[in-house]
Amino acid sequence: MKDHDARRRNPGTALHPEWFEGIAVNTPAAERRAASLPARRSLKREWQAAWLLNAVRCIDLTTLSGDDTSDRVARLCAKARQPIAPEHLQALGVSGLTTGAVCVYPTMVAAAKQALTGTNVPVASVATGFPAGLMPLDLRLAEIRYALDQGADEIDIVISRALVLRGEWSALYDEICAMREACGGALMKSILATGELKTLTNVARASHVAMQAGSDFIKTSTGKEPVNATLPVSLVMLRAIRDYRDRTGFAVGFKPAGGLRTAKDALNWQVLMTEELGRDWLAPDLFRIGASSLLADIERQISHHVTGRYAAGHRLAAG
Ligand SMILES: O=C[C@H](O)COP(=O)(O)O
C-alpha cells in the first residue's frame with residue numbers, strides 16, 4: 001500500500017470565496033518570518049543525518065528535460081530505489097529507504113513503471129500542458145488520462161495562471177475540479193507556479209481554490225519559472241493548508257519544487273513544515289520535495305556524517 005492510501009483523500013468542498021477573498025498577505029512580514037526560521041531553530045548536529053534521511057523519503061526525484069530518455073529515467077529510478085549507499089544506511093541503522101516518488105513527463109511513465117517494478121515507489125507524471133498549461137482544457141484532461149493509462153500513480157497538474165491574475169476564481173475552481181475528476185483514484189498535486197502569480201495574496205487565494213477543488217497536494221512551482229520555491233511563498237501556502245484543515249478537517253499535502261538543491265534547503269523546509277503544521281506534515285503522505293539535484297548534496301552530507309570526510313565527487317552517483 002502506498003503512503004497516500006493510508007489517509008483520507010481531500011474530497012474538496014463547494015467554492016467558498018469568503019474563505020479567501022478577505023486575505024491580504026503582508027509581504028514584508030511573511031519575508032521576515034521566513035528569514036528568521038532557519039536561524040531560530042538550528043538543528044542539533046547529531047540529528048541532522050536523521051532529518052536528511054527524512055528528506056530523502058519525501059523527495060519526488062525528478063527529471064523533466066527535453067532530452068529525457070528511457071535510459072535516463074531508468075537511472076533515475078535506480079536512484080529512487082536506492083538513494084543512499086547501503087553501507088551508509090547500515091551505519092545509520094536504517095534499511096529500505098527509497099525516495100517518495102519519481103516525477104517524469106507522461107511519455108516517460110511506462111519506462112519509470114518498468115524500472116520500479118517490485119517496489120512501492122509511486123510514479124508521478126506532470127500533465128495538463130506542463131509547464132505553462134496553455135492548452136485547451138479537453139486536451140489537458142486527455143493528457144491526464146494518457147498518463148494514467150501509462151501507469152502513473154500520481155498526477156502533477158498545472159493551473160491556468162491567467163485565471164488567478166484576473167481573479168476568475170470560479171473558472172479556476174471548475175478547471176481544477178475537472179482535473180481532479182480525470183485523476184480518478186490517483187493522487188493529484190496542483191502546481192500553482194507561484195513565481196508567475198505576482199503577489200503573495202494571489203498565492204494564498206489560489207491555494208484555497210486548489211484545495212476547495214479537491215487537490216491532495218498544493219505545489220509551488222514547475223521548476224521552469226524564473227522564480228521557483230521560496231520560503232515566504234511556502235509559508236503562505238502552509239498557512240492556507242492550516243486554515244483549510246481547521247475549516248474542513250482535511251489535511252492537504254505540500255510540495256515545494258524548483259531550485260531546492262542543498263541539504264540546507266532540505267533542513268530549512270522541514271523546519272518550516274514542523275513550525276507551521278507540526279510533525280504530521282513531515283511524512284511523504286503530506287510532504288514531498290520536488291527536486292532533480294537535491295539528492296546529490298544530501299548524499300554528500302550523509303557520507304560526510306558517516307565517514308567524517310567528503311567523498312570524491314565521482315564516488316557519488318549523479319542522481
Ligand atoms: O518538480 C520538480 C522540479 O521540476 C525540479 O526542479 P529542479 O530541477 O530545480 O530541482
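Two strands are taken to pair if DSSP finds at least two bridges between them. In this predicted model, that criterion applies to strand S2 (residues 101-104) and strand S3 (residues 123-126), which pair in the parallel sense over three bridges. Within this pairing, Cys 103 has Ala 124 of S3 as its bridge partner. Strand S1 (residues 59-62) also pairs with S2, again in the parallel sense and over three bridges; here Leu 61 is matched with Val 102 of S2.

The side chains of S2 alternate in direction. Ala 101 and Cys 103 point one way, Val 102 and Val 104 point the other way, and all are buried. From S2 the description extends to helix H5 (residues 109-115), since S2, H5 and S3 together make a right-handed β-α-β unit.

Members of this unit also appear in the nonpolar interior. In soluble globular proteins, nonpolar side chains tend to be buried together. The largest nonpolar core comprises 95 residues, of which Val 102 and Ala 112 touch the most other members. Helix H10 (residues 231-248) gives the most to this core, contributing nine residues. Leaving aside residues up to four places away in sequence, Ala 112 touches Val 73, Cys 77, Val 102, Val 104 and Val 123.

Cys 103 leads to the ligand, being one of the residues around it. The other residues there are Thr 62, Leu 64, Thr 222, Gly 223, Ala 257, Gly 258, Gly 259, Gly 290, Ala 291, Ser 292 and Ser 293. By class, this shell divides into four nonpolar residues, eight polar residues and no charged ones.

A second set of parallel strands involves S5 (187-191). Strand S4 (residues 154-158) runs parallel to S5 and is joined to it by five bridges, with Glu 154 standing opposite Leu 187. S5 also pairs in the parallel sense with strand S6 (residues 217-219), over three bridges, and Ser 190 has Ile 218 of S6 as its bridge partner. The chain crosses from S5 through helix H9 (200-212) to S6, and this β-α-β crossover is right-handed. Both faces of S5 are covered: Leu 187, Lys 189 and Ile 191 on one side and Met 188 and Ser 190 on the other are all buried.

The backbone has several features of note in its loops. Most residues other than glycine have a negative phi, and most peptide bonds are trans. Lys 198, in the loop between S5 and H9, has a positive phi of about 75° although it is not a glycine. Lys 198 counts as exposed because it has 12 C-beta neighbours inside 10 Å, and exposure is assigned at 12 or fewer. Thr 128, in the loop between S3 and helix H6 (137-150), likewise has a positive phi, of about 70°. Thr 128 is buried, however, because 29 other C-beta atoms lie within 10 Å, and the threshold for burial is 20 or more. The loop between S3 and H6 also holds Pro 131, and the peptide bond from Phe 130 to Pro 131 is cis, with omega near 0°.

Leu 282 provides a final site, in the loop between helix H11 (263-277) and strand S8 (289-291). With 18 C-beta neighbours inside 10 Å, Leu 282 is therefore classed as partly exposed. Beyond residues up to four places away in sequence, Leu 282 touches Asn 54, Gln 270, Met 273, Thr 274 and Phe 287. Leu 282 and Trp 51 are 231 residues apart in sequence, yet 9.6 Å apart in space, C-alpha to C-alpha.

Note on methods
Residues numbered from 1 in each chain as written. Predicted model: local features only at pLDDT ≥ 70, side-chain atom pairs only at ≥ 80, totals over all residues. Core = buried A, V, L, I, M, F, W, Y, C linked by C-beta atoms within 7 Å. Helix = DSSP H or I, 4+ residues; strand = E, 2+ residues; numbered from the N terminus. Contact = placed C-beta atoms within 7 Å. Near = placed C-beta within 6 Å. Nonpolar A, V, L, I, M, F, W, Y, C, P; charged D, E, K, R; others polar. Right-handed = clockwise from strand over helix to strand, strands pointing away.
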